[in-house]
Amino acid sequence: MKHLMLACLLAFVSFVPKTSIGAEDVRELKVVMEEMGNIFKALGKSVAQGKVGATELASARQLVKLVEESATLLPDLSSFPDRAVATQRYLDLNKQLLVVMKDAEAAISRADASAALDALEAAKELRTIGHDEFKL
Ligand code: HEM
């Protein structure tokens, strides 16, 4: 009887779809940043050429989502003397980046290439600050 129950349990577990397990859906910051980097680069090129259409809007919206995702993750903070302060700083920079990405999205949605470029430039500055402070 015990064996039968065990067999049933194993059969059940093996049928649970893997996508329903939460922990596997949490991506590493590095992976999120990589995706952000690729989309950001392509979007920057397009907007610099004056392209502010549906493709660019979709990219900007994806970037907003990725920044939101990166706010749920933390970098390696082991080298920081005060973990709470470092966490606050990371989240603050992240919030600034979110504001700027939403500005870019709004500018693209009204086909304002110049304002979109300004917002992407501000995002670049935040990227430099964030990477200087947290990557090494
Ligand atoms: C436009 C904005 C940004 C872009 C496009 C961007 C892109 C990237 C890219 C391409 C990487 C390298 C991933 C790899 O190792 O291959 C990276 C890593 C990283 N970025 Fe950003 N980033 C941005 C903003 C920020 C900000 C504002 C912060 C901090 C608040 C930040 C924190 C980090 C950290 C900590 C890593 C290292 C992650 C790891 O290897 O675990 N980034 N980012």
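In which handedness of crossing does α4 pass α5? The crossing is left-handed, meaning that the near helix is turned anticlockwise from the far one by less than a right angle. The model is predicted: local features need pLDDT of at least 70, side-chain atom pairs count only at pLDDT 80 or more, and totals for chains, interfaces and linings use all residues. Residues are numbered from 1 along each chain as its sequence is written.

**Helix packing**
- α4 and α5 (helices are DSSP runs of H or I, at least four residues, numbered from the N terminus) pack at an angle of about 165°, and their axes lie 8 Å apart.
- The two helices α4 and α5 are therefore roughly antiparallel (angle over 145 degrees).
- The contact (C-beta atoms, placed from the backbone, within 7 Å) includes L93, L97 and V100 of α4 and A119, L126 and G130 of α5.
- By class, the contact of α4 with α5 has 17 nonpolar, two polar and three charged residues; Ala, Val, Leu, Ile, Met, Phe, Trp, Tyr, Cys and Pro count as nonpolar, Asp, Glu, Lys and Arg as charged, and the others, Gly among them, as polar.

**Ligand shell**
- Among the 19 residues around the ligand (C-beta atom, placed from the backbone, within 6 Å of it), M33, G37, P75, L93 and G130 come nearest.
- Two or more residues of this shell come from each of α2 (29-48), α4 (83-109) and α5 (113-134).
- α2 gives the most, with seven residues.
- The shell comprises 11 nonpolar, four polar and four charged residues.

**Confidence**
- The average pLDDT (the predictor's confidence in each residue, from 0 to 100) is 89, and 82% of the residues score at least 70.
- Over residues 12-21 pLDDT stays under 50, and the model has one contact beyond four places in sequence for them.

Key:
Axes fitted to C-alpha atoms, helices over the stretch in contact; angles between N-to-C directions. Parallel < 35°, antiparallel > 145°, perpendicular 65-115°, else oblique. Contact = placed C-beta atoms within 7 Å.
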